[in-house]
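The following exercises concern the architecture of a protein and the surroundings of its ligand. Each task is followed by a solution that proceeds step by step.

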Amino acid sequence: MKVYNTLTKKKEEFVPIEEGKVRMYVCGPTVYNYIHIGNARPMIIFDTVRRYMEYKGYDVNYVSNFTDVDDKIIKKAIEEGVSASEISTRYIAECKKDMESLNVLPATTHPLATEEIGGMLEMIQTLIDKGFAYEKGGSVYFRTKRFEEYGKLSKKNLEDLEAGKRIAVEEQKEDEMDFVLWKPKKDGEPSWVSPWSDGRPGWHIECSVMAKKYLGDEIDIHAGGEDLIFPHHENEIAQSEACNDKTFAKYWLHNGFLNIDNRKMSKSLGNFFTVREVGEKYDLQVLRFFMLGAHYRSPLNFSEELMESSKNGLERILTAVDNLKHLKEASQTTSVSENETEKLAAAKEYIRKFENAMDDDFNTADAVSAIFELVKYANSNSDAQNSKEYLDSLYEEIKRLCDILGIIVEKEAEILAEDIEKLIEDRQAARKAKNFARADEIRDELLAKGIILEDTREGVKWKKA
Ligand code: AMP
Ligand code: ZN
């Protein structure tokens, strides 16, 4: 499997640090509003990378943070007259709902910046002790020039960067290239006690600390949108490598921008659609499918036209899957004929194409084309005369490839509210009859369908897990 590494600007063979394991960190969103579909691009892309790695047999430890303390969160809290944590808690919950609608798997760990302050204080202190950081007026800064390899990811050199800088805003810094690790609080801001001031962390330190805590000093993959290459990821490398004396991440993966009219979609430009807005018009699977239709490193223009064509493309796959299901039900023969065996063997060609595409730096666009080819093949090579087993194999192959991309071809039958109520009644009756085994069985049955029962004073209540 080859992956494009921003650090070396080359496609490289993927060799994990520890055999069979992948330690992966993806920078997550700052939570002060609903996420827009630009933010959804890295979520969908790196979730697909993770799913493919798991398909290949790797045990993936996937960490993605929520930045829950930041100027924008504080500003929004002041506007609404609520606490910053109320804002971040609300939008983390909303973001998780969007992720679920996009079929993005929950990370192994979703750390929150505000819950990792202890680790940040420790790392900052280590950096001070090693001479890589200094305190001035309650702030702590990273001494950028002390880290000799600064610029290795973004291929920027310090002289050029300095030339591009205007008048230093924070005059107390020793050097204008230094960046902040800790800053004293302003009135009304959330703050934590530290040896330097009551204050809060700079943005970059959280990712270095969380990656270290949840994945270790050396990780396999660090990922995010390409806007993070500089300064965020460059600064993360400086902090982590100066602190740990180890190469921080082996492979750096960056997705291209989601654009509108060839301009980056962003909150500050105001040219964005939230995932929620798009979800009102389309099944969000269509959005996922649209994102996968382009290579992750290429810029991608969002347009109604492309969404419509993604919708039609997805529909073609879903229809083929549905047809196979119906044919399977109608089929009268069970055993696979010789001719069918040959046909199934020929269909493997599309699986190979799919894998070759994904092995080539996660070329989801070509992987989707391979699925289309398989769908076409299945459409023209299946009818009610075929055996159940043959039809089922074709069905399963398409489903499996779609699963790897996080595309759901068949929704699990949803349990209806009235069926839940009926089972709850049965459970109450079983309890009354002291048939506790049956009562527990019903509880477990519902749990398996994602329904949790709560015995309250007002009776039994249920909720979705
Ligand atoms: P933010 O909340 O701005 O820190 O962004 C969270 C993630 O979304 C980061 O990985 C960004 O690089 C990514 N991102 C933001 N806007 C876009 C966009 N228009 N296209 C692709 N990725 C984006
Ligand atoms: Zn980060």
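**Exercise 1: The shell around the ligand**

Task. State which secondary-structure elements each supply at least two residues of the shell around ligand 1, and describe the composition of that shell.

Solution. In this predicted model, helix H1 (37-55) and strand E9 (219-225) each contribute at least two residues to the shell around ligand 1. The largest share, 3 residues, is drawn from H1. In total, 18 residues surround ligand 1, and the closest are Thr30, Gly225, Asp227, Leu258 and Met265. Sorted by character, the shell comprises 7 nonpolar, 9 polar and 2 charged residues.

**Exercise 2: Polar contacts of the ligand**

Task. For Thr30, Asn39 and Asp227, determine which kind of atom approaches an oxygen atom of ligand 1, and at what distance.

Solution. The cut-off for a polar contact is 3.5 Å between N or O atoms.

1. Thr30 takes part through a backbone N or O atom, 3.1 Å from an oxygen atom of ligand 1.
2. Asn39 uses a polar side-chain atom, at 3.3 Å from an oxygen atom of the ligand.
3. Asp227 likewise offers a polar side-chain atom, here 2.4 Å from an oxygen atom of ligand 1.

On its own, ligand 1 has 490 Å² of accessible area, and the protein covers 89% of this.

**Exercise 3: The nonpolar cores**

Task. Identify the residues that touch the most other members of the largest nonpolar core, and list the contacts of Phe362 beyond its neighbours within four places in sequence.

Solution. The largest nonpolar core holds 91 residues; Met53, Leu287, Ile317, Phe354 and Phe362 touch the most other members. With neighbours within four places in sequence set aside, Phe362 is in contact with Met1, Val3, Val49, Tyr52, Met53, Leu253, His295, Tyr296 and Ala357. Another core, of 42 residues, lies apart from the largest one and includes Phe142, Tyr150, Cys207 and Ala211. As a general background, nonpolar side chains tend to be buried together in soluble globular proteins.

**Exercise 4: The protein as a whole**

Task. Characterise the protein by its secondary structure, dimensions, burial and contacts.

Solution. The protein has 15 helices and 15 strands. Its C-alpha trace spans about 80 × 60 × 45 Å along the principal axes. Of the 465 residues, 50% are buried. Among contacts with a separation of 6 or more, 74% are between residues 24 or more positions apart. Finally, the protein exposes about 22500 Å², of which carbon and sulfur atoms supply 48%.

Key:
Residues numbered from 1 in each chain as written. Chains lettered and ligands numbered in written order. Predicted model: local features only at pLDDT ≥ 70, side-chain atom pairs only at ≥ 80, totals over all residues. Heavy atoms only, no water. Core = buried A, V, L, I, M, F, W, Y, C linked by side-chain atoms within 4.5 Å. Buried < 20%, exposed > 50% of the residue type's maximum accessible area, 1.4 Å probe, protein only. Contact = heavy atoms within 4.5 Å. Near = heavy atom within 4 Å. Polar contact = N/O pair within 3.5 Å; in protein donor to acceptor, adjacent residues only side chain to side chain. Areas by Shrake-Rupley, 256 points an atom, 1.4 Å probe, with all protein chains shown as cover. Helix = DSSP H or I, 4+ residues; strand = E, 2+ residues; numbered from the N terminus. Nonpolar A, V, L, I, M, F, W, Y, C, P; charged D, E, K, R; others polar.
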